[in-house]
Amino acid sequence: MSRRTTVTILLPQPDPEPTYPEYEELRRAARAKDGGPISGRTIATMEDVVARRGADWCTAVLGRSFPGLGRVPSRDGWMLILADERGLDPALPDRIVQERRAAEALREERAAAAAARREQENRRWALITAAAPAAFAVRENTRHSGVRGPLGHVTAAVDLVSGRSRQHKAGMGLCERPGRTNPLHLGEPLEGTPPTCVRCIEYAGQVRTLDAPAPPTPAEAALLLLIRDGVVFTMSPGRGQPTVRDTSTRSHDVAWGQLGRKVDGAARKLEAKGWTRIEDDWTSTPLGGTGRRWRLTDAGSAALEG
């Protein structure tokens with residue numbers, strides 16, 4: 001059985017970029033001091049200098065970033081002691097100043113982007129809750145947490161349904177299926193916090209109460225649009241039975257195409273749902289015939305817009 005071998009590689013430190021003329025002489029003096037073992041008193045002195053002077057001063061003395069006393073050679077520690085004794089107060093290297101400015105600009109850019117994203121999420125959630133059929137609450141999953149923290153799920157106080165028949169039980173996340181073997185463990189409602197679960201947000205814009213009618217299917221929505229545009233008529237050609245026709249499309253081999261495409265069955269289903277009505281008067285159709293125009297009811301307009 002093979003064993004894994006871990007190799008640690010130390011990246012080389014960048015060359016020092018001191019900003020004060022005493023650097024070379026100070027380094028030679030530190031090299032002279034750095035002979036033999038270091039006593040506990042010397043280590044305590046180094047720690048005291050670092051604590052009093054701070055990391056920026058240490059960086060300026062060494063001419064490169066100061067990662068901490070435990071991560072630099074003892075010669076650098078002696079340089080800090082000698083610089084403190086001589087009262088040196090050099091400026092930071094230009095490269096480090098520029099890097100910090102660039103890092104600060106990047107932090108500000110990311111903070112601005114995060115603030116804009118939060119504002120957009122709050123605005124979207126406000127629009128969803130304003131049109132919601134029930135009061136929503138946002139609760140975090142207390143069992144699992146992702147890279148950005150636990151997801152905020154959407155719950156409702158009443159049972160809801162979406163699509164044709166998907167159930168959303170009260171108190172459960174809208175993304176959950178009833179009876180799932182590993183249900184979410186949700187905490188207390190959060191105030192002023194939009195949800196972060198993408199599926200919950202999607203369902204929040206689709207759910208309806210149990211007594212509300214189901215939304216139109218894509219085919220029903222397409223026919224509702226034609227009715228809204230005023231191109232669907234009930235027609236009685238010759239001695240035939242009345243039929244419902246879409247006059248935006250010419251019929252094939254029937255009355256020279258003037259009747260339009262037959263949509264009788266689909267239109268009757270919309271009428272049964274209360275989404276459409278038929279005018280009493282006979283009017284001309286776009287294809288040159290005559291018929292009774294179909295119109296949307298208020299419920300049909302709401303179903304189409306919803």
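Q: In this predicted model, in which helix is Asp84 found?
A: Asp84 belongs to a helical segment rather than to a strand. The helix that holds Asp84 is H4.

Q: Is Asp84 buried or exposed?
A: The relative accessible area of Asp84 is 18%. A residue counts as buried under 20%. Asp84 is therefore classed as buried.

Q: Which residues does Asp84 touch, not counting residues up to four places away in sequence?
A: Two of the contacts of Asp84 are with arginines, Arg52 and Arg53. The others are with Val49 and with a residue of helix H3, which spans residues 55-62. With residues up to four places away in sequence left out, Asp84 touches Val49, Arg52, Arg53 and Trp57.

Q: Why is helix H3 described as largely enclosed by the rest of the structure?
A: Helix H3 covers residues 55-62, eight residues in total. Its buried residues are Trp57, Cys58, Thr59, Ala60, Val61 and Leu62. Helix H3 is largely enclosed because six of its eight residues are buried.

Q: Which helices do the buried residues of H3 pack against?
A: The buried residues of H3 include Trp57 and Leu62. Their packing partners are helices H1 (23-33), H2 (40-53), H4 (74-85) and H5 (94-130).

Q: Which residue just after H3 takes a positive phi?
A: The phi in question is about 85°. It belongs to a glycine just after H3, namely Gly63.

Q: How much space lies in the second largest pocket, and which residues are the closest to its centre?
A: The second largest pocket holds about 470 Å³ of space. Its lining is made up of 19 residues. The closest to the centre are Glu121, Arg148, Pro194, Pro195 and Thr196.

Q: Which element gives the most to the lining of the second largest pocket?
A: The elements that give two or more residues to this lining are H5 and helix H6 (198-204). The greatest contribution is six residues, and the element that gives them is H5.

Q: How do the residues of the lining of the second largest pocket divide into nonpolar, polar and charged?
A: The lining of the second largest pocket includes residues of each kind. The division is eight nonpolar, five polar and six charged.

Q: Which side chain is joined to that of Ser162 by a polar contact?
A: Ser162 is found in strand S3 (residues 160-162) and is buried, with a relative accessible area of 2%. Not counting residues up to four places away in sequence, Ser162 touches His168, Tyr203, Gln206, Val207 and Arg208. One of these side chains makes a polar contact of 2.7 Å with that of Ser162, and the residue is His168.

Q: Which are the edge strands of the open sheet of three strands?
A: The order of this open sheet is S4-S3-S6, with antiparallel pairing. S3 and S4 pair over three bridges, and Val161 has Gln167 in S4 as its bridge partner. An edge strand of this sheet pairs on one side only, as do S4 (166-168) and S6 (208-209).

Q: Over how many bridges do S10 and S11 pair?
A: Strand S11 (residues 290-296) also pairs with strand S7 (residues 232-235) in the antiparallel sense over two bridges, and Phe233 stands opposite Arg293. S10 and S11 form a hairpin with five residues between them, and Gly288 in the turn has a positive phi of about 100°. Within the pair, Thr276 stands opposite Leu296. The antiparallel pairing of S10 (residues 276-284) with S11 runs over six bridges.

Terms used:
Residues are numbered from 1 along each chain as its sequence is written. This is a predicted model: local features need pLDDT of at least 70, side-chain atom pairs count only at pLDDT 80 or more; totals for chains, interfaces and linings use all residues. Side-chain values use heavy atoms; hydrogens and water are left out. Buried means under 20% relative accessible area, exposed over 50%, partly exposed in between (1.4 Å probe, protein chains only). Helices (H or I, at least four residues) and strands (E, at least two) are DSSP runs, numbered from the N terminus. Contact means heavy atoms within 4.5 Å. On a 1 Å grid over the protein atoms alone, a cavity is a set of points where a 1.4 Å probe fits but cannot get out, and a pocket is an open set with protein on both sides within 12 Å along at least five of seven lines; lining residues have an atom within 4 Å of a point. Grid points are joined across faces, edges and corners, and a volume is the space filled by probe spheres set on the points. Ala, Val, Leu, Ile, Met, Phe, Trp, Tyr, Cys and Pro count as nonpolar, Asp, Glu, Lys and Arg as charged, and the others, Gly among them, as polar. A polar contact is a pair of N or O atoms within 3.5 Å; within protein, one must be able to donate a hydrogen and the other to accept it, and residues adjacent in sequence count only if both atoms are side-chain atoms. Two strands pair if DSSP finds at least two bridges between them.
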